[in-house]
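Hello,

Here is the structure we talked about. Please open it and keep it beside this email as you read.

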Amino acid sequence: YSQALSLTAAGYTPPSPVFSLTGTLPGGLGFLTDTLSGTPTVVGSFPLTAKAVDANGFAATQAYTLAVNDTTAPVITPAITGTLGANGWYTSDVTVSWTVVDNESTVTSQLNCTSTSITADTSGTALTCQATSSGGTTSQTVTIKRDTAAPTASSAVTTGTLGSNGWYVSDVTVTTIGSDALSGISSCTAAQTVSSDTTGTS
């Protein structure tokens, strides 16, 4: 950013200028360089106005340059809303939004940083936001896993001697079998044993 003030009177040599600098630079960073003396001064303001006037009202001319010192790319923060189940799986619709901040310079571009909703089951959908400022380019990626379908469960007799009419004539072991094609099974009921006579045990 630069601003120059050029007001001189014909045939008059102006005095050494005294400047009043006002305004705010994003992040409050940068340096102001006196282009005549070459002396840099650390400031946190933008030279929106500059005046150099003596007691007679004559003005001097001086040019200033303000440079922003941005060495870091924008900071990208994801926000995820949804019902989180076990092992990183979401059990509802999921919305991913992004916050992009650069306190040192203006963010000049954003790619895929709008809010996105995941409304179908998925084993892993990657969403990436990319942003650029004068400090560089950065990106952030999140992967959403969504499974809203409950597993299926069944049981089977794995040991036992079957007699007549559906009656067992020995101890019986029943094993639970679970199935889930997307997120898999995290736990099943342990095998159960019937070791005493019964007219019917569930």
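**Ser133 and its surroundings**

Ser133 counts as buried, because its relative accessibility is 6% and buried means under 20%. Bear in mind that this is a predicted model. Ser133 sits in strand β10. Its side chain makes a polar contact with the side chain of Asp102, at 2.6 Å. Look around Ser133 and leave aside its neighbours within four places in sequence. Ser133 is then in contact with Asp70, Thr72, Ala73, Pro74, Asp102, Ser105, Thr106, Val107 and Thr108. So Asp102 appears in that contact list, and Asp102 is also the polar partner of Ser133.

**The disulfide**

How many disulfides does a search of the whole structure find? It finds 1. The disulfide joins Cys113 to Cys129, with 2.0 Å from S to S. The link of Cys113 and Cys129 is right-handed, with 90° about the S-S bond. Why does this pair tie together separate parts of the sequence? Cys113 lies in the loop between β8 (109–111) and β9 (116–118), while Cys129 lies in strand β10 (residues 122–133), so the parts tied together are 16 residues apart in sequence.

Are Cys113 and Cys129 buried or exposed? Both are buried. Now turn to Cys188. Cys188 counts as partly exposed, because its relative accessibility is 40% and partly exposed runs between 20% and 50%.

**Strands β10, β11 and β6**

Stay with β10 for a moment. β10 and β11 run antiparallel, and 10 bridges join them. A hairpin of 2 residues connects β10 to β11. To see one facing pair, find Thr132: it stands opposite Thr137 in β11.

β11 also pairs with β6. Strand β6 (residues 89–90) and strand β11 (residues 136–146) pair in the parallel sense, over 2 bridges. Which residue in β11 is the bridge partner of Trp89? It is Lys145.

**The open sheet**

Next, move along to β12. An open sheet is formed by 3 strands, in the order β12-β13-β14, and the pairing is antiparallel. Which are the edge strands? They are β12 (152–159) and β14 (192–194), and each pairs on one side only. From one strand to the next, the twist averages 30°.

β12 pairs with strand β13 (residues 172–179) over 7 bridges, in the antiparallel sense. Ser155 is a good place to look. It stands opposite Thr176 in β13. One general point helps when you look at any strand. In a regular strand, side chains alternate between the two faces of the sheet.

**The nonpolar core**

Last, the core. The largest nonpolar core has 13 residues, and Val96 and Trp98 touch the most other members. Which elements give two or more residues to this core? They are β7 (94–101), β10 and β11. β7 gives the most, with 4 residues.

Val96 is worth a closer look. Again, leave aside its neighbours within four places in sequence. Val96 is in contact with Ala79, Ile80, Thr114, Ser115, Thr116, Leu127, Val142 and Ile144.

**Where to start**

Begin with β10. Strand β10 holds Ser133. The strand also holds Cys129 of the disulfide. β10 pairs with β11, and both give residues to the largest nonpolar core. Then follow the open sheet from β12 to β14.

Best wishes

Technical notes: Residues numbered from 1 in each chain as written. Predicted model: local features only at pLDDT ≥ 70, side-chain atom pairs only at ≥ 80, totals over all residues. Heavy atoms only, no water. Disulfide = S-S within 2.5 Å. Buried < 20%, exposed > 50% of the residue type's maximum accessible area, 1.4 Å probe, protein only. Pairing = 2+ DSSP bridges. Axes fitted to C-alpha atoms, helices over the stretch in contact; angles between N-to-C directions. Core = buried A, V, L, I, M, F, W, Y, C linked by side-chain atoms within 4.5 Å. Contact = heavy atoms within 4.5 Å. Polar contact = N/O pair within 3.5 Å; in protein donor to acceptor, adjacent residues only side chain to side chain.
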